[in-house]
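Reader: I'd like a close look at one part of this chain, contacts and exposure included. Could you pick a starting residue and just follow the thread from there?

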Amino acid sequence: MINKDIKIITVSGFAVTVLCFIICSFFDFRCSLVCLVLGLVLTLIFLYVTKKRYKKINEFNNYLSLICAGRLDLDIADNTEGELSILKNNLYKVMTLLRFQNEFLQKDKLYLADSLADISHQLKTPLTSMIVMTDLLREEKSADKRTEFINIIESQLDKMKWLTTNLLKLSKLDAGTAQFKKEDFSIKSVIEKSIKPFLITLDLKGMSLVNLTTDFIVNGDSNWSEEAFSNIIKNCIEHTQKNGELTISSKITNLYDAIIISDNGCGIEAEDLPHIFERFYHGKNSSGDSVGIGLALAKTVFEKENGEITVTSEPGKGSRFEIRFYKSII
């Protein structure tokens with residue numbers, strides 16, 4: 001009997017039994033014998049139950065030691081009744097939760113590694129181009145060629161700037177460190193600001209813009225929303241041929257208000273649709289300059305505003321993005 005509590009229980013039980021035996025012996029010897037036997041039996045039963053209980057507690061302690069050592073595959077579920085069984089089941093729940101979190105962390109590490117590889121790949125292409133252009137620029141004598149090489153380098157620098165800026169924005173949104181306001185703003189005003197940077201591009205491609213937006217109020221961050229809409233508009237323009245059409249309209253229902261952005265470009269292949277909002281994803285119809293984070297950023301922003309974005313598309317006929325802002329949380 002190593003356990004101190006068991007020693008105290010055993011000694012106390014026998015002491016009380018002996019004391020009762022002595023007291024009862026003054027009145028009736030047979031009664032004192034019965035008292036002695038019952039006292040010993042009760043003490044032994046209590047001792048047995050207590051030792052069994054401490055054995056289970058020691059078993060739990062061993063389980064905890066194994067869990068702390070990283071063993072998260074133990075099958076310790078218990079369907080019996082009692083406080084210790086409840087404790088054992090709670091321990092199993094904690095172990096299951098830890099296993100789930102461990103698996104999530106492993107997936108997160110793999111995702112981070114893949115993201116870093118994608119970022120490295122995206123930065124490697126413009127860097128390589130600029131290195132080549134710099135070497136050519138050093139040896140080139142023609143003023144026209146030098147100007148051409150400088151324009152290429154500037155273009156690649158703009159691409160790198162856009163990539164790093166949007167990656168930082170995504171990282172802030174994921175980490176919850178971005179200053180995301182919650183205030184009412186006019187959707188029509190945000191749409192007009194989102195279109196403005198692309199008016200020259202639309203003109204150069206001979207594309208027509210049809211803006212049928214009916215104004216409504218959204219609760220969120222107007223600056224982030226402008227960024228998100230800009231990325232969708234940019235995507236539509238990139239995937240629409242010259243003399244195409246970009247249409248922006250709205251839909252108001254009792255459940256939600258929506259903005260619909262559609263084009264009549266090359267469209268999205270059916271197998272690419274489920275992955276279109278994944279980071280660094282490149283579909284079959286992606287342009288050579290596409291990085292694959294613009295739509296992912298837009299999706300993250302709209303979700304923070306109690307909204308959702310969906311896309312439908314038909315190859316050769318165009319794509320339709322619908323952004324819904326729900327009027328109440330479902």
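Author: Sure, let's start with N243, which is exposed at a relative accessible area of 63%. One caveat up front: this is a predicted model. N243 sits in the loop between α7 (222–238) and β4. Its backbone is worth a look too: phi is positive, about 65 degrees, although N243 is not a glycine.

Now follow the chain into the next strand. Strand β4 covers residues 245–252 and contains K251, which is linked to E322 in strand β7, 71 residues away, so to speak a connection between distant parts of the chain. The contact itself is a salt bridge between the side chains of K251 and E322, with N to O at 3.3 Å. The two partners sit in different surroundings, going by accessibility: E322 is buried, with a relative accessible area of just 5%, whereas K251 is partly exposed at 29%.

E322 also has another partner. Its side chain forms a salt bridge with R320, where the closest N and O atoms are 3.1 Å apart. R320 counts as partly exposed, at 31% relative accessibility. Put the charged residues together and you get a network of salt bridges linking K251, R320, E322 and R324. If you like bookkeeping, nine salt bridges turn up in a search of the whole structure.

For contrast, here's another of those bridges: R138 and D135 pair through their side chains at 3.1 Å, N to O. Both of these residues lie in helix α3 (residues 83–139), three residues apart, or about one turn of the helix. R138 is exposed at 60% relative accessibility, and D135 is partly exposed at 37%.

Back to our strands, and on to the rings. The structure holds six aromatic pairs. One of them joins Y256 and Y326 in an edge-to-face arrangement, with 5.7 Å from centre to centre and 65 degrees between the planes. Y256 belongs to strand β5 (residues 256–263) and Y326 to strand β7 (residues 318–326), so this pair ties together parts that lie 70 residues apart in sequence. Both tyrosines fall on the buried side: Y256 has a relative accessible area of 9%, and Y326 has 19%. That last value is a close call for anyone who cares about thresholds, because buried means under 20% here.

There is also a ring cluster, in which ring pairs link F216, F229, F302 and F325. F302 leads us straight to helix α8, since F302 is among the buried residues of that helix. Of the 11 residues in α8 (residues 294–304), eight are buried, so the helix is largely enclosed by the rest of the structure. Besides F302, the buried residues are G294, L295, A296, L297, A298, T300 and V301.

K304 is also found in α8, but K304 is partly exposed, with a relative accessible area of 35%. If you're hunting for a link across sequence, try K304 and D221: they are 83 residues apart along the chain, and 9.2 Å separates their C-alpha atoms.

Step off the end of α8 and the backbone theme from the start comes back. Just after this helix, N306 takes a positive phi of about 60 degrees. N306 is in the loop between α8 and β6 (307–314) and, like any residue flagged this way, is something other than glycine. N306 is partly exposed at 27%, while N243, where we came in, is exposed at 63%.

Before you close the viewer, here are two spots outside this part. V18, L19, I22, I23, F26 and F27 make a nonpolar surface patch of about 680 Å². V18 is in helix α1 (residues 4–25) and is partly exposed at 41%. The other spot is a positive surface patch formed by K52, R53, K55 and K56. K52 lies in helix α2 (residues 29–68) and is partly exposed, with a relative accessible area of 46%.

How values were computed. Residues are numbered from 1 along each chain as its sequence is written. This is a predicted model: local features need pLDDT of at least 70, side-chain atom pairs count only at pLDDT 80 or more; totals for chains, interfaces and linings use all residues. Side-chain values use heavy atoms; hydrogens and water are left out. Patches are made of residues with over 30% relative accessible area and no salt bridge: like charges are joined within 9 Å, nonpolar side chains (Val, Leu, Ile, Met, Phe, Trp, Tyr) within 5 Å. Accessible areas come from the Shrake-Rupley method with a 1.4 Å probe; for residues, only the protein chains shown count as cover. A salt bridge is a side-chain nitrogen of Lys or Arg within 4 Å of a carboxyl oxygen of Asp or Glu. Lys and Arg count as positive and Asp and Glu as negative; His and the chain ends are not counted. The place of a charge is taken as NZ of Lys, CZ of Arg, CG of Asp or CD of Glu. Helices (H or I, at least four residues) and strands (E, at least two) are DSSP runs, numbered from the N terminus. Buried means under 20% relative accessible area, exposed over 50%, partly exposed in between (1.4 Å probe, protein chains only). Rings of Phe, Tyr and Trp (its six-membered ring) pair if their centres lie within 6.5 Å; planes under 30 degrees apart count as stacked, over 60 as edge-to-face and the rest as tilted.
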